[in-house]
Amino acid sequence: MTGPNLYVHRRTSGPRAAAAWDRRQVLMNNLRTVLGRAFPRLIGLTREPSWLLFEVGLPFLTTSAFVLVYRALQAPSEYIGFVVVGGAMTAFWLNVIWMMAAQLYWEKDQGNLELYFTAPMDMMAVLFGMAIGGMLASCLRAAVVLVIGSVVYGVHFSVDQWLPLLAVFFLTLVALYGLGMMLASLFVLWGREAFHMTQLLQEPMYFVSGLNFPVGQLGFLGALAVALLPLAVGLDAMRQLAFAGGPIVFTTPPPGVEVLILVVMSVVFLGLARFCLRTMERLARHEGRLTARWR
Amino acid sequence: MGRRPTPGVLVSDVPRPTDAISDHAIEARAVTRVYKARPAPVTALAGIDLEVAPGEFFGLLGPNGAGKTTLIKIFTTLLLPTTGTARVFGFDVAVQTKQIRRIMNMVAGGEQSGYGVLTVREQLWMFSQFYGLGTREGWGRVDDLIEAVGLGEQRLQRISSLSTGERQKMNLARGLLNDPWILFLDEPTLGLDVSAARVVRHLVSDWRAAVPGRTVLLTTHYMAEADELCERIAIVDHGRILAIGSPAELKRMVQRESIFRLELDRLDGGPAVLAGLPGVVHASPAGGADAGAALDRQTVAVNLVLTDDAALGGVVGALGSLGAHIVALAKSEPSLEDVFVELVGRGFDDAPAEASR
């Protein structure tokens, strides 16, 4: 026993006073929840170095394969840059699909979800914490791929507008993680097994997002991807801005239009994430289950 | 044990819950809960009426599938009642979830929450942020509680490497982080060894005793635990409360007669000579270990069932006139298990094994 405050931490006159939080307390609780939930993701970077192999080493092999193919075909050098940028963005998609979309499902299995629901913060703060923690951790992974790929394969960037490029990158992450936050609830609601759902989405998304080639090459499918998938539109806009003035003719909308698409996606996905979260909690409280179908 | 004074804290130093908007810490009115299932809906709660006073240590005792966990889930805002109303310190579980979540916490037995990559200290700090503690305040509170639950040596150990007992101590520390006014404990000592279970019980009792008004709702199917900790107990089976009262009151419900065990230096004519005395319902030789021990001591052991305690005087007088001397006298108390058997018609172990509801 350490002292008189051991079992008496916050002295309130009673349960009513303890339950009456003002707006500042609510806001601070949610902000601290974001920090608290991001914490294990950042700590994990130092405690589980296996990410260097699984999230940098293995994806880099795929990137290298495409680079070698493009070189063999004597494709314009910008294609090498496209592949390296795509390889860097892979880190974010892997993080979104495995550590965002599937995460609430695993939280449920572990018993964390019940504890989250019984805590006073907004569940959206938990999702934001997961997203920000994952985003920061993935930034490091993406940077490692980008630097190694650029050095090893001699990529020359031609950036005329740094600010729009950074804005597109930021918006891409917001929209991408907004999608992940929405999928997190959907996986719990509809998933028989998060592992299978994740695998089901992973490869098709690589393909239609044009991770290793300009998405415009997919014709109508590429246009559809640009309209619907944050990774596709964000990656295309970043390529247009990072390799400006080159010989490649982009058949997709200009970066300005793609920025607008990303803004709309961010708002829509974050709104849908909130809606899906509410639906999940309502279903859990009304029907005594979290899934919309039997597992 | 539950009535021991709390170390380091004077009751007069701490506030009483003067602002309660309800006379009850917990209140349930005609609560039912029906789960949709195939081939037929499952009724987990079939009309629960319950009131728990602020500061009470209240137990729900019942076998698996009795509805205990469902009731706790309703009070902790995880589940809505199908019909009826439930309140926690006057806050309606259906609409005032945020208020309830700010003043309560829950700990379940076998809980595997958290992230294995974190240490005990980090894990608890993470939860402190969810519960509204400040960033630095959280670290201080965590360190205090780690010492309180006896995890000082494991504070920097990853939670994935904790033993079951250590894990449950950490879970309990998590449950106390936000200084709740009401703590819900769902089988908190499940799977713990005797020593770890004792530590958990002591901690909960000490914590509750530190501030008047702190309330504990415990579900358990360990009768001795409920008997030791709870001021009142509700015996639940098939979604209904069969009886409610203090452990002593519940035991008295089934103890319609007084039962004594007598050990005498001699008894000519055997127990039958006592059977006809006024107030004696039944007198028989003691069996089992009692009989064996008496044989070793060359004494006679007798089980005596009396209409009430007052009849014992007549028996003692009669024994004197028979020339028998009393070597030992003990009154047999019924256990909560006897109460359960009387009410339910079967023992805990005989209860149908259903999934916890």
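Student: What makes it possible to say that α4(A) bends, and where is the bend?

Tutor: α4(A) bends by about 25° at A:M89, where the bend is the angle between two axes, one fitted to the seven residues ending at that residue and the other to the seven starting there. The model is a predicted one, in which local features need pLDDT of at least 70 and side-chain atom pairs count only at pLDDT 80 or more, while totals for chains, interfaces and linings use all residues. Residues are numbered from 1 along each chain as its sequence is written, with chains lettered from A and ligands numbered from 1 in the order in which they are written.

Student: How do you know that the length of helix α4 of chain A agrees with its 25 residues?

Tutor: The expected span is 1.5 Å times one less than the number of residues, which gives 36 Å for residues 77–101, and the end C-alpha atoms are 35 Å apart, so the two agree. For α12(A), with 33 residues, the expected span is 48 Å and the end C-alpha atoms are 46 Å apart, which also agrees. Just after α12(A), A:G288 takes a positive phi of about 75°.

Student: Why is α4(A) called mostly covered?

Tutor: A residue is buried if 20 or more other C-beta atoms, placed from the backbone, lie within 10 Å of its own, exposed if 12 or fewer do, and partly exposed in between. In α4(A), 24 of the 25 residues are buried, whereas buried residues make up 48% of the 295 residues in chain A.

Student: Why does A:V56 count as partly exposed?

Tutor: A:V56 has 19 C-beta neighbours inside 10 Å, and that number falls in between the two cut-offs, so A:V56 is partly exposed. A:V56 is found in helix α3 (residues 51–72) of chain A, and A:A142, although 86 residues apart from A:V56 in sequence, is 7.9 Å apart in space, C-alpha to C-alpha.

Student: With which residues is A:V56 in contact, leaving aside its neighbours within four places in sequence?

Tutor: They are A:R141, A:V144 and A:V145, a contact being a pair of residues whose C-beta atoms lie within 7 Å.

Student: What elements make up the secondary structure of chain A?

Tutor: Chain A comes to twelve helices and zero strands, helices being DSSP runs of H or I with at least four residues and strands being runs of E with at least two, numbered from the N terminus.

Student: How are α8(A) and α11(A) placed relative to each other?

Tutor: Helix α8 (residues 162–190) and helix α11 (residues 230–242) of chain A pack at an angle of about 170°, with their axes 9 Å apart. These axes are lines fitted to C-alpha atoms over the stretch in contact, and angles run from 0 to 180 degrees between N-to-C directions. Angles under 35 degrees count as roughly parallel, over 145 as roughly antiparallel, 65 to 115 as roughly perpendicular and the rest as oblique, so α8(A) and α11(A) are roughly antiparallel.

Student: What kinds of residues make up the contact of α8(A) with α11(A)?

Tutor: Among those that meet are A:P164, A:L165 and A:F169 in α8(A), and A:L231, A:G234 and A:M238 in α11(A). The residues of this contact divide into 14 nonpolar, two polar and no charged, where Ala, Val, Leu, Ile, Met, Phe, Trp, Tyr, Cys and Pro count as nonpolar, Asp, Glu, Lys and Arg as charged, and the others, Gly among them, as polar.

Student: How many residues does the contact take from chain A and from chain B?

Tutor: The contact takes 45 residues from chain A and 51 residues from chain B. On the side of chain A that touches chain B, α2(A) gives the most, with eleven residues, and the residues of that side divide into 19 nonpolar, 17 polar and nine charged.

Student: How do you know whether B:T77 is buried or exposed?

Tutor: B:T77 has 25 other C-beta atoms within 10 Å, and is therefore buried. B:T77 stands in the loop between α1 (68–75) and β4 (83–88) of chain B, and its phi is near 70°, a positive value in a residue other than glycine.

Student: Which peptide bond is described as cis, and what is its omega?

Tutor: The cis peptide bond joins B:R38 and B:P39, with omega about 5°, and B:P39 lies in the loop between β1 (26–35) and β2 (42–52) of chain B.

Key. Two residues are in contact if their C-beta atoms, placed from the backbone, lie within 7 Å.
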